[in-house]
Amino acid sequence: MYEQTYPSKRFHNTLSFLKKHVGTEEAILDLGVPNPFSKIMTAEGFQVTNTNGEDLDLTFESVQNSAADVTTAFEIFEHLVAPFNVLRNIPSKKLVASIPLKLWFSSAYRSKTDPWDRHYHEFEDWQFDWLLEKAGWEIKDRMKWTNPVRKIGIRPLLRSITPRYYIVYAEKK
């Protein structure tokens, strides 16, 4: 349905990866408020409930009280000071999570207008893997992709060949 109207390569790759590991009959708790990608998931037939915008560093009762089969977290953990805490408290047995990877040629993202829209962490893949494993997850599949931009210059060239996004499918140990 959305095949022709993906706003980005990221949404296309994320949806393909999600469909590979999660069935539409499985209930999903998507960490974060409703967003363009959660709307795509719903339109594709997934049963999606979002958290309520609470600070997941401080309170994660909505996560702990969820009966969802799968938890998804698309570009959420880099915004948390302590993602380990919420990862340890996810009751579902499956997790699909993506993060932007740390780029050696670009500083961490920080919005100039929104004090909440910033990256506290920008992980390397091995760091995210380690975090998940320490939090009790076993990674079953992973994928990376680039995020080219339509500009001229050294950084745009580097973005076309350096992976920017990393997604994993993990199960509770």
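**Figure 1. Helix H6 and its cover in the predicted model.** Strand S5 (137–146) and strand S6 (163–172) are among the elements that cover the buried residues of H6. The model shown here and in the other views is predicted. H6 spans residues 154–161, and its buried residues are Pro 156, Leu 158 and Arg 159. Viewed down the axis of H6, these buried residues stay within an arc of 160°, so they line one face of the helix. Ile 154, Leu 157 and Ile 161 are exposed on the other side of H6.

**Figure 2. Met 143 in strand S5.** This close-up is centred on a residue of S5, Met 143. Is Met 143 buried, partly exposed or exposed? Its relative accessible area is 27%; the range for partly exposed begins at 20% and ends at 50%, so Met 143 is partly exposed. Beyond its neighbours within four places in sequence, Met 143 is in contact with Asn 13, Phe 17, Tyr 165, Tyr 166 and Ile 167. One of these contacts, Ile 167, is 24 residues away from Met 143 along the chain. The C-alpha atoms of Met 143 and Ile 167 are separated by 5.4 Å.

**Figure 3. The two sides of helix H5.** H5 runs over residues 125–134. Which residues of H5 are buried? They are Phe 128, Asp 129, Leu 131 and Leu 132. Around the axis they cover an arc of only 160°, which puts them on the same side of H5. Trp 130 and Lys 134 are exposed on the other side of H5. The buried residues of H5 pack against four elements: H4, strand S4 (94–100), S5 and S6. Gly 136 follows H5. The phi of Gly 136 is positive, near 100°.

**Figure 4. Leu 131, a buried residue of H5.** Leu 131 is part of helix H5. Its relative accessibility is 13%, so Leu 131 counts as buried. Apart from residues up to four places away in sequence, Leu 131 touches Pro 83, Phe 84, Leu 87 and Phe 123. A longer span is given by Leu 131 and Leu 56, which are 75 residues apart along the chain. Their C-alpha atoms are separated by 16 Å.

**Figure 5. Pro 83 in helix H4.** This view moves to a contact of Leu 131, Pro 83. Pro 83 sits in helix H4. With a relative accessible area of 4%, Pro 83 is buried. What does Pro 83 touch, not counting residues up to four places away in sequence? Its contacts are Asp 57, Phe 77, His 121, Phe 123 and Leu 131. Phe 123 is listed for Pro 83 and also for Leu 131. Pro 83 and Ala 135 are 52 residues apart in sequence. From C-alpha to C-alpha, Pro 83 and Ala 135 are 9.3 Å apart in space.

**Figure 6. Glu 75, with a positive phi.** Glu 75 lies in the loop between strand S3 (70–74) and helix H4 (83–88). What is the phi of Glu 75? It is near 55°, a positive value in a residue other than glycine. Most residues other than glycine have a negative phi. Glu 75 counts as buried, at 13% relative accessibility.

**Figure 7. Helices H1 and H2.** Two packed helices are described by the angle between their axes and the distance between the axes. For H1 (residues 9–21) and H2 (residues 36–43), the angle is about 45° and the axes are 11 Å apart. That makes H1 oblique to H2. The crossing of H1 past H2 is right-handed. H1 brings Phe 11, Thr 14, Leu 15 and Leu 18 to the contact, where they meet Pro 36, Phe 37, Ile 40 and Met 41 in H2. By class, this contact of H1 with H2 has seven nonpolar residues, one polar residue and no charged residues.

**Figure 8. Pro 36 in helix H2.** Pro 36 belongs to helix H2. Is Pro 36 buried or exposed? Pro 36 is exposed, with a relative accessible area of 52%. Pro 36 is also one of the H2 residues that meet H1. Pro 36 and Tyr 165 are 129 residues apart in sequence. Their distance in space is 17 Å, C-alpha to C-alpha.

Methods:
Residues numbered from 1 in each chain as written. Predicted model: local features only at pLDDT ≥ 70, side-chain atom pairs only at ≥ 80, totals over all residues. Heavy atoms only, no water. Axes fitted to C-alpha atoms, helices over the stretch in contact; angles between N-to-C directions. Parallel < 35°, antiparallel > 145°, perpendicular 65-115°, else oblique. Left-handed = near helix turned anticlockwise from the far one by under 90°. Contact = heavy atoms within 4.5 Å. Nonpolar A, V, L, I, M, F, W, Y, C, P; charged D, E, K, R; others polar. Buried < 20%, exposed > 50% of the residue type's maximum accessible area, 1.4 Å probe, protein only. Arc of directions from axis to C-beta.
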